[in-house]
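Hi everyone, thanks for coming along. I'd like to walk you through one structure today, so let's get it up on the screen.

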Amino acid sequence: MRLDIVTIFPEYLEPLNVSLVGKARARGQLDVRIHDLREWTHDKHHTVDDTPYGGGPGMVMKPEPWGEALDEILASGDGRPVMVVPTPSGAPFTQQLAVELSEAPWLVFTPARYEGIDRRVIEEYGDRLDVREVSIGDYVLAGGEAPVLVMVEAIARLLPGVLGNAASHQDDSFAPGAMADLLEGPVYTKPPEWRGRTIPEVLLSGHHGKIARWRRDEAFRRTDRNRPDLIERADPAAFDKKDREI
Ligand code: 6GU
């Protein structure tokens, strides 16, 4: 997969050299290209923003540097990328969208600062590309770079061969399957006793059926406590009599 990211803070994206994403890049599974938007400015001060038409607070990112940057990036590859525009006004970034984006061969991210990018840029590329305006949650950040780090990590770990164990995202919270609609429950490792605290006995029983039932009950309990909206929203057929007793 190829990823292009256009930003005025290339150094903000240095975490993409670390850990899972860094290793996927080193192995050649991910081709990440970070571009400084100011390289497509022509004035002495490398201006990327200006005051908003109609008045109001803050600044708006000028269309011309974005247009020149995106035209050059689009011309540098084959086919059409999906363009991901991080904005608090976007559609929610969900595991389902992460899966969908992980299936595209090429993504271009356009994290903005200030009050966002001149609308005509989104319209211009919306005529040529699949453009997704995406938000990572109901809070406002100072720019789209942290959301890009979040989205790239969620997408990269879904690519074939990037996670060591392909089974390890089958039971992720939000993954489709038997535990769909439930968050993951608690996990334990050695030692069997730590500061006087033991582990649930069922996990030592070797009884796979009982362990699966216990995990499901814990997942249900945690979801009921932390995200009751997920249970409200789910298909009632996803829950059995035992769930309803919790
Ligand atoms: Cl994608 N951008 C900004 N600036 N704030 C956000 C966001 C994105 N998602 C949630 N808050």
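Before anything else, one term: when I say that two residues touch, or are in contact, I mean that their C-beta atoms, placed from the backbone, lie within 7 Å. And please keep in mind that what you see is a predicted model.

Let me use that term straight away on proline 52. Leaving aside residues up to four places away in sequence, proline 52 touches Gly58, Val60 and Glu115. Where does proline 52 lie? In the loop between β3, residues 49-50, and β4, residues 60-61. The contact with glutamate 115 links positions that are 63 residues apart in sequence, and their C-alpha atoms are 8.9 Å apart in space. Proline 52 counts as partly exposed because it has 15 C-beta neighbours inside 10 Å, and the buried label takes 20 or more.

Now let's zoom out to the protein chain. We have 8 helices and 9 strands here. For 246 residues, a compact globule would have a radius of gyration near 18 Å, whereas this chain comes out at 22 Å. Along the principal axes, the C-alpha atoms fill a box of roughly 70 × 40 × 40 Å. How much of the chain is buried? Buried residues make up 23% of the 246. As for contacts with a separation of 6 or more, 74% of them join residues 24 or more positions apart.

On to the core. As a general point, nonpolar side chains in soluble globular proteins tend to be buried together. In this model, the largest nonpolar core has 39 residues, and Leu3, Val84 and Val152 have the most contacts inside it. Which elements give two or more residues to this core? They are β1, α1, α2 (63-75), β5, β6, α4 (119-126) and α5. The top contributor is α5, with 6 residues.

So α5 deserves a closer look. Helix α5 runs over residues 145-156, which makes 12 residues, and spans 16 Å from its first C-alpha to its last, close to the 16 Å expected at 1.5 Å a residue. Its buried residues are Glu145, Pro147, Val148, Met151, Val152, Ala154, Ile155 and Ala156. What covers them includes β1 (2-7), α1 (19-26), β5, α3 (95-102) and β6 (106-109).

One residue to click on here is valine 84. Beyond residues up to four places away in sequence, valine 84 touches Leu101, Leu107, Phe109, Arg132, Val134 and Met151. Met151, you'll remember, is one of the buried residues of α5.

Next, the ligand. There are 13 residues around it, and those that come nearest are Pro86, Pro88, Ser135, Leu141 and Pro147. Which element gives the most to this shell? That is strand β5, residues 82-92, with 4 residues. For those of you thinking about the chemistry of the shell, it divides into 7 nonpolar, 6 polar and no charged residues. Pro147 also appears among the buried residues of α5.

Now for some backbone details. Most residues other than glycine have a negative phi, and most peptide bonds are trans. With that in mind, have a look at histidine 46, which is not a glycine and has a positive phi of about 55°. Histidine 46 sits in the loop between β2 (31-36) and β3. It is partly exposed because there are 14 other C-beta atoms within 10 Å.

Arginine 195 also has a positive phi, of about 50°, and is not a glycine either. Its place is in the loop between β8 and β9 (197-198). Is arginine 195 buried or exposed? Exposed, because it has 4 other C-beta atoms within 10 Å. As for peptide bonds, a cis one joins lysine 190 and proline 191, with omega about 10°. Proline 191 lies in the loop between α5 and β8 (193-194).

Two more loops and then I'm done. Glycine 206 is in the loop between β9 and α6 (208-226), and it is exposed, with 8 other C-beta atoms within 10 Å. From glycine 206 to arginine 27, 179 residues apart along the chain, the C-alpha separation is 38 Å. Alanine 234 is in the loop between α7 (228-233) and α8 (241-245). Alanine 234 and leucine 182 are 52 residues apart in sequence, with their C-alpha atoms 9.1 Å apart in space.

That's my tour, and I'm happy to go back to any part of it.

Definitions and conventions: Residues numbered from 1 in each chain as written. Predicted model: local features only at pLDDT ≥ 70, side-chain atom pairs only at ≥ 80, totals over all residues. Near = placed C-beta within 6 Å. Nonpolar A, V, L, I, M, F, W, Y, C, P; charged D, E, K, R; others polar. Rg over C-alpha atoms; globule rule 2.2 N^0.38 Å. Buried ≥ 20, exposed ≤ 12 C-beta atoms within 10 Å, placed from the backbone. Expected span 1.5 Å × (residues − 1). Core = buried A, V, L, I, M, F, W, Y, C linked by C-beta atoms within 7 Å.
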